[in-house]
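Thanks for coming. I will go through one structure today, from the overall form down to a few residues. Please have a look at it first.

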Amino acid sequence: MNIFICWFCDLVQIISRILPSTPQQFTIGYLISEAGDIFPFIGSAVIYEIYLSVQSLFLIFALIKAAKILQYFKVW
């Protein structure tokens with residue numbers, strides 16, 4: 001299992017070296033700080049927490065969908 005994880009990490013690093021880097025103005029951290037500047041009464045920390053909550057909900061949704069799809073392939 002550990003060999004697979006190391007192989008997967010190496011594969012991700014190889015792919016990330018091939019692809020161009022993301023410009024600074026398109027990163028999530030930059031967008032959150034800009035949104036915090038636009039809405040000073042909310043602040044960037046609250047916007048970041050909302051982003052993390054949405055990200056967590058999407059991950060849970062994706063895992064449930066993947067489990068439902070994988071049961072048709074008799075993976076487990």
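What radius of gyration does the protein have, and what would a compact globule of 76 residues have? The protein has 18 Å, whereas a compact globule of 76 residues would be near 11 Å. Keep in mind that this is a predicted model.

The box tells us about the extent along each axis. Taken along the principal axes, the C-alpha atoms fill roughly 50 × 30 × 20 Å.

Now the secondary structure. The protein has three helices and zero strands, and the pattern along the sequence reads α-α-α. Helix 1 covers residues 2-18, helix 2 is 28-38, and helix 3 takes in residues 44-70.

Next, the surface. Of the 76 residues, 7% count as buried. About 7000 Å² of the protein is exposed, and 73% of that comes from carbon and sulfur atoms.

Which residues form a nonpolar patch on the surface? They are Ile38, Phe39, Phe41, Ile42, Val46, Ile50 and Val54, and together they have about 700 Å² of accessible area. Helix 3 gives the largest share of this patch, with three residues.

One member of the patch, Ile42, sits in the loop between helix 2 and helix 3. Is Ile42 buried, partly exposed or exposed? Its relative accessible area is 35%, and buried would require under 20% while exposed would require over 50%. Ile42 is therefore partly exposed.

Let me turn to the charges. The protein has 4 positive and 4 negative charges, and the mean positions of the two groups are 27 Å apart.

Asp10 is a residue of helix 1. With a relative accessible area of 41%, Asp10 falls between the 20% and 50% limits, so this residue is partly exposed as well.

How far apart are Asp10 and Glu34, in sequence and in space? Along the sequence they are 24 residues apart, and from C-alpha to C-alpha the distance is 33 Å.

To sum up, we have three helices with zero strands, a radius of gyration of 18 Å, and a seven-residue list for the nonpolar patch that runs from Ile38 to Val54. That is the end of my part.

Technical notes. Residues are numbered from 1 along each chain as its sequence is written. This is a predicted model: local features need pLDDT of at least 70, side-chain atom pairs count only at pLDDT 80 or more; totals for chains, interfaces and linings use all residues. Side-chain values use heavy atoms; hydrogens and water are left out. Helices (H or I, at least four residues) and strands (E, at least two) are DSSP runs, numbered from the N terminus. The radius of gyration is taken over C-alpha atoms; the globule rule is 2.2 Å times the number of residues to the power 0.38. Buried means under 20% relative accessible area, exposed over 50%, partly exposed in between (1.4 Å probe, protein chains only). Accessible areas come from the Shrake-Rupley method with a 1.4 Å probe; for residues, only the protein chains shown count as cover. Lys and Arg count as positive and Asp and Glu as negative; His and the chain ends are not counted. The place of a charge is taken as NZ of Lys, CZ of Arg, CG of Asp or CD of Glu. Patches are made of residues with over 30% relative accessible area and no salt bridge: like charges are joined within 9 Å, nonpolar side chains (Val, Leu, Ile, Met, Phe, Trp, Tyr) within 5 Å. A salt bridge is a side-chain nitrogen of Lys or Arg within 4 Å of a carboxyl oxygen of Asp or Glu.
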